[in-house]
Amino acid sequence: MKITSFDHYKEVYKHSVDQPEDFWAGIADSFLWKKKWDKVLEWNFKEPNIKWFQGAKLNITENCLDRHLETLRDKPAIIWEPNDPKEDHRVLTYRQLYKKVCQFANVLKNNGAKKGDRICIYMPMVPELAIALLACARIGAIHSVVFGGFSAQSIADRILDAECNIVITADGGFRGNKETPLKSIIDDALVRCPSVQKVIVLTRTRTPVAMIKGRDVWWEDEIKKVETQGIKDCPAEEMDAEDMLFILYTSGSTGKPKGVVHTCGGYMVYAGYTFDTSFQYQPNEVYFCTADIGWITGHSYIVYGPLSQGATSLMFEGIPTWPDAGRFWDIVDKFKVNIIYTAPTAIRSLMSFGEEPLNGKDLSSLTKLGSVGEPINEEAWHWFDEKIGHGHCPIVDTWWQTENGGHMITPIAGITPLKPGYASLPLPGVQPVLVDEKGTIIEGNEVSGNLCIRFPWPGMLRTTYGDHERCRQTYFATYPDMYFTGDGCSRDADGYYRITGRVDDVLNVSGHRIGTAEVENAINMHSTVVESAVVGYPHDIKGQGVYAFVVSPNMHDDPELTRKDIMMTVARIIGAIAKPDKIQFVSGLPKTRSGKIMRRILRKIAEGDTSNLGDTSTLLDPAVVEEIKAGAL
Ligand code: WT7
């Protein structure tokens, strides 16, 4: 939606609150439906039960592909830049992408996939990853993408939870100077997963892999089969608006990650609408989102959002600092990127290399910048603004969550007056509120509280896969009749929102969401560990670091080695992304008489602020605090 001025935004916003159904019907009208809805919205947050565009029929891939074939057939849909700058980049026009998606959709069918099946995708950032998602959607199969940094154990948990019957992977993946043996990790995962009948393996790294007869097939061979069969198109499966589109697992405050469920109609409308609105995308702009498709940002803002709007989406296989810290800027220069959407952690990491990597890079094509994943500190905001945007590119600081499907609170590029560190104002259609501990809505400005949303939006999660009660408990039970985000937030004198971070036991490490309970469970798997407590602490680059207090009385005589063993254990159980930054061995944890760990105290110690630990009189053994303080890292 094109918003013409800040006053226009306010008008549209008001309309979206006064007449939400009318507002959303207007937005949804710009998409391609096989059949329009009978009812825009039916909802209650009690159960919860949320239905958008009931009775409508669609296929999201017809919106992302077919509908552009007439007008945009030769426009680049995906530009792909490989990890290694010496390798050639690739361009897929809308026509070419359409063809490849249809081909691979037929491969899936040939391998027994059908509507409603759950398909696990564990792939590197290559165009075939986007093709795999779209091919699943084409035939009505539900994809569950697992980020390439997760371990075999994590993959197995996710495959089992969703009862996937097919896995799509690659021999390996390149990221910086590392090569990840993806297929071999899948083989380890599948030892525990009898539901998986087929594994489709893309060639990327040409590393040797085990190929099991009857189960494992090569992507390229299967494409050849489809070609010799002479099948060209693949009719798009007709989906109900509320049919599942995908599952994406995310961490919460309890041990087990939950499968967030998004549905076809509402998610399509929301991803497309927010992409178009926040970035004010103009035809022919080249848009570069640096996220990985393994996270929701990649789902919504590399694949579905941009493609549904006929945009050119640039996809990058590598990391910002390899071969050097100028990699992003080389890409911007090479493809004349207009919009770059990245994370504060990447900005902070690149800042630390100084200005040298920017020398000789032409960034003049940039018109808009975006930030996502965690609060952006003012220093990083100003560096992004001055060094990258040269002071003339609006920064959209987009606040949202996996559960939201798309942007919720964000400036609209070029429209909303900006304030560094503020996600600013809700998009039209989004109704945020701040509540106090008791759930009372805090009215007025210059206040702070817990961030909730009091009215549904089309991109919201519908359930957590296989466990609706868990969805209710996690998001809808804390405050009646509201969706609870888990974030703390303030609202300033101008009504601008500033996200202050999670108020639950969830960490945000380099923009990745990690549950402390999950990390504790992994640490406790180590043979000498009796118990542990994990908290976050401020980290210059990652935003938050992982600090683990570990009780390990009978450890190896070399504590350094035990520390490494624990790291290895966490990497095996969850994945390298969850490895603690600091491990402090302690003789006991501070607990109340009822046995509850006092995390507040541990957080303060981890932050290095031991001056005022508050009331420790309720502790079972106050002496343990002195010991922990003395040994703090
Ligand atoms: C959590 C959601 C969906 C974006 C990728 C992360 C934090 C996200 C911002 C922002 C401050 C932010 C919140 C949120 N967060 N964006 N612009 N400013 N905090 O998705 O893994 O589902 O994590 O990330 O704490 O709850 P996620």
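**Exercise 1. Locate Proline 323 and describe the peptide bond that precedes it.**

Solution. Proline 323 is found in the loop between β17 (312-316) and α11 (327-335). The model is predicted, and in it the bond from tryptophan 322 to proline 323 is cis, with omega near -5°.

**Exercise 2. Describe how β1 and β2 are joined, and what lies in the loop between them.**

Solution.
Step 1. Strand β1 covers residues 39-44 and strand β2 covers residues 49-54; the two run antiparallel and are joined by five bridges. Within this pairing, lysine 39 has glutamine 54 of β2 as its bridge partner.
Step 2. The two strands make a hairpin, with four residues between them.
Step 3. The loop between β1 and β2 contains proline 48. The peptide bond leading from glutamate 47 to proline 48 is cis, its omega being near -10°.

**Exercise 3. Establish the strand order of the eight-stranded sheet, identify its edges, and place the helices α8 and α9 on it.**

Solution.
Step 1. Eight strands form an open sheet with mixed pairing, in the order β12-β11-β8-β6-β7-β14-β15-β23.
Step 2. The edges are β12 (216-218) and β23 (463-464), each of which pairs on one side only.
Step 3. Inside this order, β6 (residues 118-122) and β8 (residues 166-170) are paired in the parallel sense over four bridges. Isoleucine 121 has isoleucine 168 of β8 as its bridge partner.
Step 4. Helix α8 (residues 219-229) packs on the sheet, where it touches β11 (198-202) and β12; the direction of α8 makes about 70° with that of β12.
Step 5. Helix α9 (residues 264-279) also packs on the sheet, touching β14 (244-250) and β15 (258-263); the direction of α9 makes about 80° with that of β15.
Step 6. The loop between α9 and β16 (286-289) holds glutamine 280. Glutamine 280 has a positive phi of about 45° although it is not a glycine.

**Exercise 4. Characterise the surroundings of the ligand by residue, by element and by class.**

Solution.
Step 1. The ligand is surrounded by 22 residues, and the closest are Trp399, Gln401, Thr402, Ile499 and Arg513.
Step 2. The elements giving two or more residues to this shell are helix α10 (296-308) and the strands β20 (395-398), β24 (483-491) and β25 (497-502).
Step 3. Sorted by class, the shell has 10 polar, seven nonpolar and five charged residues.

**Exercise 5. Describe the contact between the two assigned domains, with attention to the side that belongs to domain 1.**

Solution.
Step 1. The domain assignment gives domain 1 (6-452) and domain 2 (506-630).
Step 2. The contact draws on 19 residues from domain 1 and 21 residues from domain 2.
Step 3. On the side of domain 1 that touches domain 2, α6 (152-162) and α12 (344-351) each supply at least two residues. The largest share, four residues, comes from α12.
Step 4. That side of domain 1 divides into 14 polar, three nonpolar and two charged residues.
Step 5. The C-alpha centres of domain 1 and domain 2 lie 33 Å apart.

**Exercise 6. For each domain annotated in the unreviewed UniProt entry, give the span, the secondary structure content and the separation of the ends.**

Solution.
Step 1. UniProt places "Acetyl-coenzyme A synthetase N-terminal" at residues 9-64. In the model this span is 43% helix and 25% strand, and its end C-alpha atoms lie 27 Å apart.
Step 2. For "AMP-dependent synthetase/ligase", UniProt lists residues 66-456. Here the content is 30% helix and 22% strand, with 29 Å between the end C-alpha atoms.
Step 3. The UniProt annotation "AMP-binding enzyme C-terminal" covers residues 518-596. Over this span the chain is 28% helix and 28% strand, and the end C-alpha atoms are 17 Å apart.

Definitions and conventions. Residues numbered from 1 in each chain as written. Predicted model: local features only at pLDDT ≥ 70, side-chain atom pairs only at ≥ 80, totals over all residues. UniProt positions renumbered as here; feature names shortened; annotations may be inferred. Near = placed C-beta within 6 Å. Nonpolar A, V, L, I, M, F, W, Y, C, P; charged D, E, K, R; others polar. Domains from an automatic or database assignment. Contact = placed C-beta atoms within 7 Å. Pairing = 2+ DSSP bridges. Axes fitted to C-alpha atoms, helices over the stretch in contact; angles between N-to-C directions.
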